[in-house]
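The following account leads the reader through a single protein chain. It begins with the overall make-up and then turns to individual elements and residues.

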Amino acid sequence: MKELIEISFSPVNAFFSIMSIVMLLYWIAVIVAGLDPDLFSVDFDSADLDTDFDSHSHDLPDRTDVHAEGNGFMKILEFFNFDELPLMFILTIIFFTMWFLGINVTYYLGIESTWVGVLLLIPNLIFSLFIVKIFSKPLAYLYKQVNHKGEPEIDFLGRRCVVFSTLDDLKTGQIQLTVNGDPIRLSAKSNTAEKLLAGQEAVIVGESEDKRYCLVEKFDY
């Protein structure tokens, strides 16, 4: 145990050890104080929405190039399934994985140089991200089952809505509708090849197989 503590708080691994402790304290606070694990989650739909409106606003210059880098970063996060779990879940997996790899590399290879440890950060991070990608799907399923808050399920099929951001059969946009006096915004794609623009009326005709977005068609009858 003494050797483990020494390796964990060596200059090479101290940051990962401290962050792992911070994550552990955070989850204790979640359990004891009832903090919402979704508090620090990344809103991917809002990010897409902001990009869409900023790029096509009549009052602002075209900002497509400005958002290209941001869009690419969000795509990278989506590739590693950052949208499957709350951000703190993801960070916990990353820091604990990097800590575990760091102490094992230090122990078995005898690395004591801080500079060598810094050079190993990139491969360590990449490996940790792929660990996140592998385990995020099953963990997301378990999280949804455990964190179900008991809200009554709403049947959106057949409801009229307004397109909030441009969408088609390939690009996910957002729609807005009112249920029991409350505005609700959902991710959606077109059920046909027709492109739907912001402000157009549509009707919800289905749902994707993974239940992550609705399928809509133009309402013209």
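The paragraphs below treat the whole chain, a helix, the barrel, and finally two residues of the barrel region.

The structure is a predicted model, and its confidence should be considered at the outset. The pLDDT averages 77 over the protein, and 76% of the residues score at least 70. Over residues 46-69, however, the pLDDT is below 50; this stretch has 21 contacts in the model beyond near neighbours in sequence.

The protein comprises seven helices and five strands. Their order from the N terminus is α-α-α-α-α-α-α-β-β-β-β-β, so the helical elements precede the strands in the numbering, which starts at the N terminus. Of the 221 residues in the protein, 35% are buried. The exposed surface amounts to about 14300 Å², of which carbon and sulfur atoms supply 64%. Among contacts between residues at least 6 apart in sequence, 60% join residues at least 24 apart.

Among the helices, H5 may be taken as an example. Helix H5 covers residues 87-109, a run of 23 residues. From its first C-alpha to its last it reaches 32 Å, close to the 33 Å expected at 1.5 Å a residue. An α-helix has 3.6 residues a turn, so residues three or four places apart point the same way. The buried residues of H5 are Met-88, Ile-90, Thr-92, Ile-93, Ile-94, Phe-95, Thr-97, Met-98, Gly-102, Ile-103 and Thr-106. After H5 comes Gly-110, which has a positive phi near 65°.

The strands are considered next. They form a closed barrel of five strands in the order S1-S2-S3-S5-S4, with mixed pairing. From one strand to the next, the twist averages 55°. Strands of a sheet pair through backbone hydrogen bonds, either parallel or antiparallel. The individual pairings can be followed around the barrel.

S1 and S2 are antiparallel and share three bridges; in this pair, Val-163 has Ile-175 of S2 as its bridge partner. Strand S2 (residues 173-179) and strand S3 (residues 182-190) are likewise antiparallel, joined by seven bridges. Here Gln-176 is matched with Arg-185 in S3. S2 and S3 form a hairpin with two residues between them, and Asn-180 in the turn has a positive phi of about 55°.

The parallel component of the mixed pairing lies between S3 and strand S5 (residues 214-218), which three bridges join. Two bridge pairs illustrate this connection: Lys-189 has Leu-215 in S5 as its partner, and Ser-190 has Val-216. On to S4, the pairing with S5 is antiparallel and extends over five bridges. Leu-215 appears again in this pairing, as the bridge partner of Gly-206. The circuit is completed by strand S1 (residues 160-165) and strand S4 (residues 201-207), which run antiparallel and are joined by three bridges. Within this pair, Arg-160 is bridged to Val-203 in S4.

Two residues merit individual attention, beginning with Lys-211. Which backbone angle is notable in Lys-211, a residue other than glycine? Its phi is positive, near 60°. Most residues other than glycine have a negative phi, and most peptide bonds are trans. Lys-211 is found in the loop between S4 and S5, strands that form a hairpin with six residues between them. Is Lys-211 buried or exposed? Because its relative accessibility is 60%, and the exposed class begins over 50%, Lys-211 counts as exposed.

Val-216 provides the second case. This residue lies in strand S5, where it is the bridge partner of Ser-190. Val-216 has a relative accessible area of 0% and therefore counts as buried, the limit being under 20%. Which residues does Val-216 touch, not counting those up to four places away in sequence? They are Cys-161, Leu-167, Ile-175, Ala-188, Lys-189, Ser-190, Asn-191, Leu-196, Ala-202, Val-203, Ile-204 and Val-205. With one of these residues, Ile-204, the C-alpha separation from Val-216 is 4.4 Å, although the two are 12 residues apart along the chain. Some of the contacts of Val-216 also take part in the bridges described above: Ile-175 is the partner of Val-163, and Val-203 is the partner of Arg-160.

Terms used. Residues are numbered from 1 along each chain as its sequence is written. This is a predicted model: local features need pLDDT of at least 70, side-chain atom pairs count only at pLDDT 80 or more; totals for chains, interfaces and linings use all residues. Side-chain values use heavy atoms; hydrogens and water are left out. Two strands pair if DSSP finds at least two bridges between them. Helices (H or I, at least four residues) and strands (E, at least two) are DSSP runs, numbered from the N terminus. Axes are lines fitted to C-alpha atoms, for helices over the stretch in contact, and angles run from 0 to 180 degrees between N-to-C directions. pLDDT is the predictor's confidence in each residue, from 0 to 100. Contact means heavy atoms within 4.5 Å. Buried means under 20% relative accessible area, exposed over 50%, partly exposed in between (1.4 Å probe, protein chains only). Accessible areas come from the Shrake-Rupley method with a 1.4 Å probe; for residues, only the protein chains shown count as cover. The expected span of a helix is 1.5 Å times one less than its number of residues.
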